[in-house]
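Reader: I work as a computational chemist, and I would like a close look at a single part of this model. Please take the sheet of the first chain as the centre, and then follow the path outward to whatever surrounds it.

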Amino acid sequence: MGIKNIVVSVAGGVVSLLTAKYAVYLAQQLDAKLTAVYVVDEKALGDLLKSKIFVEVEAQGYESDLEEQGRRFLERVRRMAEQKGVAFEPVLTRGVVHDEVVETIKQLNADMLVMGELKEAVSRKEIFYDEGERIFRESPCTVVVVKDYEKVEMLYGSI
Amino acid sequence: MKISDYLKEHACQMNLSAQNKEEAIREIAGSLNSGGEINEQEAFIRDILERESLGSTGIGHGVAIPHSRTDSVDGFLIGFGKSSSGVDFSALDGEPVHLIFLMGANPQELNLYLRLLAELSKLLMDAAFRRELMAAEKSSDIIALFQKFES
């Protein structure tokens, strides 16, 4: 029993790094395994192609860049987890972001999802379309939304 | 993560004097640079023009969204320019472009960039939004319109 299986949703970038740090902290404190999931957002790429903002070759370039960024980012989180003595598994997948994150949670039977801060103000339309909102609402397990990034650095540095 | 969180008044050019695509890009980049948001202006413009060489970002309905991932910005930035007479952007529908959104993002922020680009494209599909952008007179009106249509 207890919280033994934590998933953190990451997308690259500064906020994701801080979110991952908090997840590493939690996993270490709870002696839980940590899985980080990065999704190559094929839906956004498809939408941009459809609306003619992207040309084919450009979309392909972004797709491989996103995959490479995901690989590098997950490797960085793996190093962070290992340094703090946390068991870690990376998941690099592609598709619709919220679907893939929720699917990963279900497959792993995770106890907790850690994710970055949501938008400040949202309309009904945004709740429907925003990937973060949808992950938050559709997650089958408890969700921790990371805020107060200064404190995150302090907590991470303390272990 | 909304366009209105990133678009600033100083980056909105309400009366572009540019006659062609490169001039328009340079003019908007100049206003972004005045806010200190671009690290290397020429590198930024070069990256944008390089993307344009793959195919025009003039997507029709008088709108163009020149964009690029580029090391010359730290996070994400967006500028706006309006041309009453229209700029030849070799747009997909062959019509001159009146509303230009110039976007750039650091390669480290790809996901944020893609989502904001998709958000902008969705907003610009709305004819009422385009009409109101065309009718806007001040930079603050542009920001207010984004706030209105994004809420």
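Author: What follows starts with the sheet of chain A, moves to the helices and loops around it, and then crosses to chain B. The model is a predicted one, and the description below should be read with that in mind.

The sheet of chain A is open and is formed by 5 strands in the order β3-β2-β1-β4-β5, with parallel pairing. Its edges are β3 (88–95) and β5 (142–145) of chain A, each of which pairs on one side only. On average, and with direction ignored, neighbouring strands of this sheet are turned by 25 degrees against each other.

Within this order, β4(A) deserves a slower reading. Strand β1 (residues 5–10) of chain A runs parallel to strand β4 (residues 112–115) of chain A, and 3 bridges join the two. In that pairing A:I6 stands opposite A:M112 of β4(A), while A:V8 stands opposite A:V114 of β4(A). β4(A) also pairs with β5(A), again in the parallel sense and over 4 bridges, and here A:V114 stands opposite A:V144 in β5(A). A:V114 therefore has a partner in β1(A), namely A:V8, and a partner in β5(A), namely A:V144.

In a regular strand the side chains alternate between the two faces of the sheet. For β4(A), both faces are covered: A:M112 and A:V114 are buried on one side, and A:L113 and A:M115 are buried on the other.

Helices come next. Helix α1 (residues 13–30) of chain A packs on the sheet, where it touches β1, β2 (33–41) and β4 of chain A, and its direction makes about 175 degrees with that of β1(A). α2(A), by contrast, lies across β2 and β3 of chain A and runs at about 10 degrees to β2(A).

Two loop residues around the sheet call for attention in their backbone angles. A:D31, which lies in the loop between α1 and β2 of chain A, has a positive phi of about 55 degrees although it is not a glycine. A:D31 is exposed, because 12 other C-beta atoms lie within 10 Å and the cut-off for an exposed residue is 12 or fewer. A:N109 is placed in the loop between α4 (97–108) and β4 of chain A, and it too is not a glycine but has a positive phi, of about 50 degrees. With 10 other C-beta atoms within 10 Å, A:N109 is likewise exposed.

From here the path leads to the other chain. The contact between the chains takes 20 residues from chain A and 20 residues from chain B. On the side of chain A that touches chain B, the elements giving two or more residues are α2 (42–50) and α3 (56–83) of chain A. The largest share of that side, 6 residues, comes from α3(A). By class, the side of chain A that touches chain B has 9 nonpolar, 5 polar and 6 charged residues.

A:K52 sits in the loop between α2 and α3 of chain A. Leaving aside its neighbours within four places in sequence, A:K52 is in contact with B:I59 and B:L92. A:K52 counts as partly exposed, because it has 17 C-beta neighbours inside 10 Å.

In chain B, helix α3 (residues 41–52) has 12 residues and reaches 17 Å from its first C-alpha to its last, which is close to the 16 Å expected at 1.5 Å a residue. Its buried residues are B:F44, B:I45, B:I48 and B:E52. Seen down the axis of α3(B), these buried residues fall within an arc of 95 degrees, so they line one face of the helix. They pack against α2 (21–34), β4 (67–69) and β6 (97–105) of chain B, whereas B:E42 and B:E50, on the other side of α3(B), are exposed.

The last residue to consider is B:R130, found in helix α5 (residues 127–135) of chain B. B:R130 is partly exposed, because it has 17 other C-beta atoms within 10 Å. Apart from its neighbours within four places in sequence, B:R130 is in contact with B:H61, B:G62, B:V63, B:L99 and B:L124.

How values were computed:
Residues are numbered from 1 along each chain as its sequence is written. Chains are lettered from A and ligands numbered from 1 in the order in which they are written. This is a predicted model: local features need pLDDT of at least 70, side-chain atom pairs count only at pLDDT 80 or more; totals for chains, interfaces and linings use all residues. A residue is buried if 20 or more other C-beta atoms lie within 10 Å of its own, exposed if 12 or fewer, and partly exposed in between; C-beta atoms are placed from the backbone. Two residues are in contact if their C-beta atoms, placed from the backbone, lie within 7 Å. Ala, Val, Leu, Ile, Met, Phe, Trp, Tyr, Cys and Pro count as nonpolar, Asp, Glu, Lys and Arg as charged, and the others, Gly among them, as polar. Axes are lines fitted to C-alpha atoms, for helices over the stretch in contact, and angles run from 0 to 180 degrees between N-to-C directions. The expected span of a helix is 1.5 Å times one less than its number of residues. The arc is that of the directions from the helix axis to the C-beta atoms.
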